[in-house]
Amino acid sequence: MKKILIVDDATTVRMYHRQLMESLGYHVEEAGNGVEALEKASQDTYDLFLVDINMPKMDGYTFIEEIRKTPAVKATPAIMISTEETESDRDKAYEAGANFYFIKPVRMEAIQTFTKLLTGGAE
Amino acid sequence: MAALSKEIDIKITNAEFERFRDFFYRKTGIRFEDSKRYFVDKRLVERIKKTSSNSFRDYFTSMRFQASGEELQQLINIMTVNETYFFRESHQFDCMVEELLDEIVRTQNKTELKIWSVPSSTGEEPYSIAIYLMEKWPGINHVDVELLSSDIDSSVLEKAKAGIFNERSVQNLSPALRKKYFNKTEFGLYQATDDLRSCVHFSKVNLNEQKDMQKYRDIDLIFCRNVLIYFDDYSRRNVAEALYDALSPGGYIFLGHSESMSRISSLFKIRKFKDALAYQKPIE
Amino acid sequence: MVLKKAATVATATTSEKSAYGLQDWLRLIDSTSPEDRRLAARALAEFPVSAPALLNTLARESNIRVKGAILVSLQCIGGHRVLEGLLPFLRSDNAALRNGVIEILQGMPNEIGDYINDLLHDQDSDVRIFAIDILQTLAHPDSPTWLLDVILHDKHVNVVATAIDRLTEIGTPEMLPAMKSVLARFPNEPYIEFIVNLAIKRLSED
């Protein structure tokens, strides 16, 4: 079973994304900020990161920049999900190394489609 | 029986608790959550009775304005108790002697290392480190190790220096280690040998006080276990910065099992070793 | 035993900086070395008059560790002036800076109360979300009321969603009708439906 790490400081957002992903058959884990996510990523292997931008201790851009510099997790796809709607936010996300960018609230079908695409399915 | 002091029933009101909490935080950087209310009340009442004060108000006023600060020190002592014994959370000691120190010596070409155990509490942790180094780290034959240990509580430091432990404290030590590093006292207690005690340099430090912390620099490994958990967000961040200052580039921190630097700061890099997680100050 | 004996220990490493005063640190905070700037930022926590200089440095500082040290020192200094100096950074393009500032503001419950209302009514929905983020761990008795007002009146789905997230923790059963009214204001929004139902469950159990 493939594993997804949801990185968001809002509990309800993590819960919402968790049920979206679990309904597709993924195993889901959670982290409340970028540093916690890095700590988890150093101890375990994930098939996808779902990452918020605004978080304490370490924001989403910095988290993705960090994983892109780390050999073990360099190639793991990352989807950014944010409340920020401008073109420049989107650009920054891709510059940091995100594979896709969604604006909250995400459309269920859209994020599920991209998740399947980036992980090659849940199995 | 008539000589028994009158048993006054002292209760701490909500407002008094708040007042004490704010004061104690300002003084120590330790903030008690509401969930600690029972713990705090019980100890406050204990001190109020011990000092023969009539009420919280009396006690609080006299403690706040006491020039020596002796009573505040007493309070800090009883408010920060923490269970400790030899070889507690030993996977971190294993990590230290099996991987971490060798890596520092190898990658940073060191012939001298500084290890700092804070808080020392009654000495079990720093002495455990010393025993581990001498028993299980071959590197000790060619590397000098300076072992420092500090606590905010002076009475605890006195106990640590004396190095006298009960059976429960040493339960994880084999009979051979007990024999080698301890003398049995006439009361059946274990006193660390002079040799063991001379391995650790004890000092008093308040982790939240920059002036205290500035004395500690170029440390290669810090054990800072089960103390940050008692601090509030600001103090934790402040202490994380201060520990960063104290470390040598490439140096490491071990935290307690329920603590994580990732909820405090992004200053450190997470390093996963075979037996334990450690937080490293980047070399750069 | 080869362990170095305590007698030889020299704990204090005395550097040339141990005698530094306010002016020296203010000079050092302009240094080209990030390590020096960070040291200066740390030391300036002891000098409340340095707050404007720290705020200025924060605006142009690119090193994440220096920024972190400046923020901790500013929080240590505290007060209304520091707070007013920090608020503009909520509009910064730099996510790390914004979020660092939010964390510091969370630790200033006494000062932030006078400003939170303006922030919660800012034109920029992101700033309104940041204001709600500040309330996340802020120990302020009015937080639930402020958040209730947001879920009743704000028109932006993400602002309302963030407020609901916080209220699942600190809301009261009296807020249930308000929660239900959110569903009517944002129909066909599965995410809102999900968190409102969650909040209703949590608050009803209260």
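Chain A of this predicted model contains 5 helices and 5 strands. From the N terminus, its elements run β-α-β-α-β-α-β-α-β-α. The radius of gyration of chain A is 13 Å, close to the 14 Å that the globule rule gives for 123 residues, so the chain is as compact as a globular protein of that length. Along the principal axes, the C-alpha atoms of chain A fill a box of roughly 30 × 30 × 25 Å.

Burial and contact range were also computed for chain A. Of its 123 residues, 61% count as buried. Contacts between residues at least 6 apart in sequence were sorted by separation; 60% of them join residues at least 24 apart. The accessible surface of chain A is about 4900 Å². Carbon and sulfur atoms account for 51% of that surface. Chain A carries 14 positive and 21 negative charges. The mean positions of the two sets are 3 Å apart.

The interface between chain B and chain C was examined next. Here 34 residues of chain B are in contact with 25 residues of chain C. The area buried between the two chains is about 2900 Å². Carbon and sulfur atoms give 50% of this area. On the chain B side, B:Gln210, B:Tyr234 and B:Arg237 supply 21% of the area that chain B buries against chain C, more than any other three residues.

Backbone geometry shows cis peptide bonds in chains A and B. In chain A, such a bond joins A:Lys104 and A:Pro105, with omega about -10 degrees. A:Pro105 sits in the loop between β5 (100–103) and α5 (108–119). In chain B, a cis bond links B:Val118 to B:Pro119, and omega is about 0 degrees. B:Pro119 belongs to the loop between β1 (112–117) and α6 (124–136) of chain B.

Positive phi values occur at B:Ser52 and B:Phe87. Neither B:Ser52 nor B:Phe87 is a glycine. Phi of B:Ser52 is about 55 degrees. This residue lies in the loop between α2 (37–50) and α3 (56–64) of chain B. For B:Phe87, phi is near 65 degrees. Its loop runs between α4 (70–79) and α5 (90–108) of chain B. The two residues fall into opposite burial classes. B:Ser52 has a relative accessible area of 60%, over the 50% cut-off, and is therefore exposed. B:Phe87 has a relative accessible area of 12%, under the 20% cut-off, and is therefore buried.

How values were computed: Residues are numbered from 1 along each chain as its sequence is written. Chains are lettered from A and ligands numbered from 1 in the order in which they are written. This is a predicted model: local features need pLDDT of at least 70, side-chain atom pairs count only at pLDDT 80 or more; totals for chains, interfaces and linings use all residues. Side-chain values use heavy atoms; hydrogens and water are left out. Helices (H or I, at least four residues) and strands (E, at least two) are DSSP runs, numbered from the N terminus. The radius of gyration is taken over C-alpha atoms; the globule rule is 2.2 Å times the number of residues to the power 0.38. Buried means under 20% relative accessible area, exposed over 50%, partly exposed in between (1.4 Å probe, protein chains only). Contact means heavy atoms within 4.5 Å. Accessible areas come from the Shrake-Rupley method with a 1.4 Å probe; for residues, only the protein chains shown count as cover. Lys and Arg count as positive and Asp and Glu as negative; His and the chain ends are not counted. The place of a charge is taken as NZ of Lys, CZ of Arg, CG of Asp or CD of Glu. Buried area is the accessible area (1.4 Å probe) that two parts lose on being put together, summed over both.
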